[in-house]
Amino acid sequence: MQILAITIDLDDTLWPVMPALQRADRDLDDYLRLHYPQVAETWPIPALRELRALVAAERLDLAHDFTAQRYITMQRAFDACGISEAPLDALFEVFATARNAVELYPDALPALERLRAALPVASLTNGNADLERIGLHLHFAHRICARDVGVAKPDARIFLAAAEKLGIAPENILHVGDDPELDVVGAREAGMRTAWINRAGHPWPGTLGIAPDLDLRDLAALVAWLEKPLPAAGL
């Protein structure tokens, strides 16, 4: 099967996301301690994380919109402290600045440069990473995120939205991502071919059905596969 385009996940595929999220929590806590000490005292980092998880569980209609979930979380935290007018935009800016200060995996940027020279590439994410802030936006022909589409991976509709943007049939698109269920199963159900970026070398979870078309340790391995001579490159 000929691959004519690539969709690629962001968090934990191009960079490890947890360090950035942990830094964002600390920076937000520092901001609250400086400007709203009552809120910081009432809602230390673990309590604010629990509140956000509660919001996510209650607002399943916003499962595709992590940004909206964070806005609601902060409003509730301020409401609980008797402060009705929370500076939500300023708070989110503190979060977003740290959240987008990611450190790419060493293989990510060289791979993106090779990929975009070879094929149309679209980012496809459930998260709220900002590729312009990160400085990677020029590597992508299209950017598809759950917040804009209205559904999140593994829902097939977000993958089909990417295929529509690219103007290419799903069976001719290779989706690349780290998450077995969100990326591999989701893309497979949408009719795409799949590449699992399996940096830790885990066995494929058999409960998730058919294994991915490609099981790769990193993005350099993806580039090597794509750059094989054409007779050997079809899936």
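A search through the whole structure, which is a predicted model, turns up 4 aromatic pairs. One of them brings together Tyr36 and Phe78, whose ring centres sit 5.0 Å apart with 70° between the planes. That makes the pair edge-to-face, because planes over 60 degrees apart fall in that class. The two partners come from distant parts of the chain, 42 residues apart: Tyr36 belongs to the loop between α1 and α2 (37-42), while Phe78 is part of helix α4. Their surroundings can be set side by side as well. Tyr36 is partly exposed, at 24% relative accessibility, whereas Phe78 is buried, at 0%.

Another pair is made by Phe92 and Phe95, with ring centres 5.5 Å apart and planes at 40°, so this one counts as tilted. Here the partners are neighbours along helix α5: they are 3 residues apart, and therefore about one helical turn separates them. Both rings belong to buried residues, with a relative accessible area of 18% for Phe92 and 3% for Phe95. The 18% of Phe92 still qualifies as buried because the cut-off is under 20%. Tyr71 joins in too, and together with Phe92 and Phe95 it forms one aromatic cluster.

These aromatic residues lead straight to a helix pair. As a reminder, two packed helices are described by the angle between their axes and the distance between the axes. Helix α4 (residues 66-80) packs against helix α5 (residues 88-99) at an angle of about 120°, and the axes are 10 Å apart. This angle makes α4 oblique to α5, since the roughly perpendicular class covers 65 to 115 degrees and the roughly antiparallel one starts over 145. The crossing of the two helices is right-handed. On the α4 side, the contact involves Thr67, Arg70, Tyr71, Met74, Gln75 and Phe78, and on the α5 side Leu88, Asp89, Leu91, Phe92 and Phe95. Sorted by class, the residues of this contact come out as 7 nonpolar, 2 polar and 2 charged. Phe78, the ring that pairs with Tyr36, is thus also one of the α4 residues that meet α5. Tyr71, Phe92 and Phe95, the members of the aromatic cluster, likewise take part in the contact between α4 and α5.

A second helix pair is built from α6 (residues 108-118) and α11 (residues 219-226), which pack at about 25° with their axes 8 Å apart. The two are therefore roughly parallel to each other, and their crossing is left-handed. Ala108, Ala111, Arg114 and Leu115 are the α6 residues in this contact, and they meet Leu219, Leu222, Val223 and Leu226 of α11. The class count gives 7 nonpolar residues, no polar ones and 1 charged.

Two spots in the backbone also deserve a look. Most residues other than glycine have a negative phi, and most peptide bonds are trans. Asp12 goes against the first of these habits, with a positive phi of about 70° although it is not a glycine. Asp12 lies in the loop between β1 (5-8) and α1 (18-35) and is partly exposed, with a relative accessible area of 28%. The other spot is the peptide bond from Lys153 to Pro154, which is cis with omega near 15°. Pro154 sits in a loop as well, between α8 (146-149) and α9 (156-166).

Technical notes. Residues numbered from 1 in each chain as written. Predicted model: local features only at pLDDT ≥ 70, side-chain atom pairs only at ≥ 80, totals over all residues. Heavy atoms only, no water. Helix = DSSP H or I, 4+ residues; strand = E, 2+ residues; numbered from the N terminus. Buried < 20%, exposed > 50% of the residue type's maximum accessible area, 1.4 Å probe, protein only. Axes fitted to C-alpha atoms, helices over the stretch in contact; angles between N-to-C directions. Parallel < 35°, antiparallel > 145°, perpendicular 65-115°, else oblique. Left-handed = near helix turned anticlockwise from the far one by under 90°. Contact = heavy atoms within 4.5 Å. Nonpolar A, V, L, I, M, F, W, Y, C, P; charged D, E, K, R; others polar. Phe/Tyr/Trp six-rings, centres within 6.5 Å; stacked < 30°, edge-to-face > 60°.
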